[in-house]
Amino acid sequence: MSKISNWGKYPVVAGPELSNPAYIPAPGEGSWIPRGMGRCYGDSSLGETMISSLKLDRMLDFDEQNGILTCEAGVTYEDLLATFVPKGWFPPVTPGTKFVSLGGALASDVHGKNHHKEGSISAYVLSFDLLLPAGSVVSCSRSENQELFWATVGGMGLTGMILRLRIQLKAIETSAIKYHNIKAGSLAEILALFDEFGQATYSVAWIDTIAGGRKRGRSILMKGEHASKEETKGSAWEKTPLALPKKLPLTVPFNFPSFALNPLTISIFNTLYYGKQLKHQKEGIMDYDSFFYPLDAIHHWNRIYGKRGFTQYQFVVPREAGAEAIETVLKHMKKHRMGSFLSVLKLLGPSSGLISFPMEGYTLTLDFPIKKNLFPFLHELDEMVKGWGGRVYLTKDVRMQPAMMEATYPGVETFRALRREIDPEKRVLSFQAKRLNL
Ligand SMILES: Cc1cc2nc3c(=O)[nH]c(=O)nc-3n(C[C@H](O)[C@H](O)[C@H](O)COP(=O)(O)OP(=O)(O)OC[C@H]3O[C@@H](n4cnc5c(N)ncnc54)[C@H](O)[C@@H]3O)c2cc1C
């Protein structure tokens, strides 16, 4: 038995992690759950037995004409980028880290900085093969086993293990990103910028969750486009337009003591971050790693939260409720002295899978160290989010209660019914699914 935890380092469980899906536990031998790179934050890929997809790492076929890749589900974004960027292809949707498997990404139906315009990963997956809880393998697409297709995308591994998939990649001329950062002095200003630049392919805002008064919600909007060859003239990309970024990552060598992150250090970080861009606007060209994966430049950054770990609270609320919801949450955090070190605001587009997270509106991510009173505080936020017609992202969750899930995910009953049909003995089960009665 080894000790296993996901990115939030909470909870830590003892359990075998098996590396071959051919050896799923037999009936009566307990439950299992697929696991990829363990980049979900909580207990979505933790269970009695974890079945790792990481040995399923082969690229099986590539249609160079149309950019359609067939690969196994343990292939990571890191592998995909290293192989296909030099050929002029990019993942159509990418989360904020490249250390994620494609199977894991599909199981969370991940969204990127382009969700408002281009949707989530499921929009680009043409088909996949699924190992069902009872052990047979079926092929799923929009025309074959559709119910299973829509339950599996965003289904958190609970319909079985995705073994391989076909995915449409995005053509790029260069590996550079044309970026444009704009400072917003308040919440009203950043929401207005999201409206004004709704046509940008990629957009995301870093938001200061500490500043109060007129500065509450001050942010930096970062938008970007894949740069064309023409746009990179005169830069390093002119000679090698599809070069891979070459930066050596730093590493946080050990868990920080738990007092290292406190309201004061969080406040100092937020002030420095806002101040690091001196001008109101900044434009230029940067490599895709710096734009999409800035946190990957520091390996094990989760250690700054100390041994007790942390959780990310990510919620979405409908667009109309955005201003009131974000302001109320920021005030509530201040009142309870719950600072978030790094927080991100994004615009999402329409929903996709049966229990996928995205819905049209604003999504805010907040990182909190695990400490006393945190979960009661987050349960209070749940009630507010529910009231605004929003919901919380399962892949970041570690403590939500079934009533919140039922009230905020309209597809959950259909999802449960399908699970009863394909897995009456609940052979596939994560600790999260057990907690949420999925
Ligand atoms: C720094 C950071 C930034 C992130 N940014 C974003 C973001 O911008 N947008 C976003 O949407 N998410 C984001 N995430 C979350 C991350 O993309 C998801 O949690 C993703 O699912 C993790 O994939 P994984 O391979 O690590 O899978 P795991 O974390 O191991 O598992 C996640 C879920 O997928 C299931 N699963 C894994 N493999 C399979 C498989 N082969 N078949 C079926 N089910 C499977 C598991 O059972 C579990 O329910 C971020 C995470 C981090 C740490």
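What radius of gyration does the protein chain have, and what would a compact globule of 438 residues have?

**View 1. The whole protein chain.** The protein chain has a radius of gyration of 21 Å, which agrees with the value near 22 Å for a compact globule of 438 residues. Here the radius is taken over C-alpha atoms, and the globule rule is 2.2 Å times the number of residues to the power 0.38. This is a predicted model: local features need pLDDT of at least 70, side-chain atom pairs count only at pLDDT 80 or more, and totals for chains, interfaces and linings use all residues. Residues are numbered from 1 along each chain as its sequence is written.

**View 2. Helices and strands.** Look for twelve helices and 22 strands in the protein chain. Helices (H or I, at least four residues) and strands (E, at least two) are DSSP runs, numbered from the N terminus.

**View 3. The shell around the ligand.** Among the 34 residues around the ligand, G36, P95, G103, G104 and G157 come nearest; a residue counts as near if its C-beta atom, placed from the backbone, lies within 6 Å. The shell holds 15 nonpolar, 17 polar and two charged residues. Nonpolar means Ala, Val, Leu, Ile, Met, Phe, Trp, Tyr, Cys and Pro, charged means Asp, Glu, Lys and Arg, and the others, Gly among them, are polar.

**View 4. Who lines the ligand.** Helix α2 (102-107) gives at least two residues to the shell, as do β4 (32-35) and β11 (161-168). The largest share, four residues, is from α2. The ligand lies between domain 1 (2-53 + 415-435) and domain 2 (59-171), because both give residues to its shell; the domain bounds come from an automatic or database assignment.
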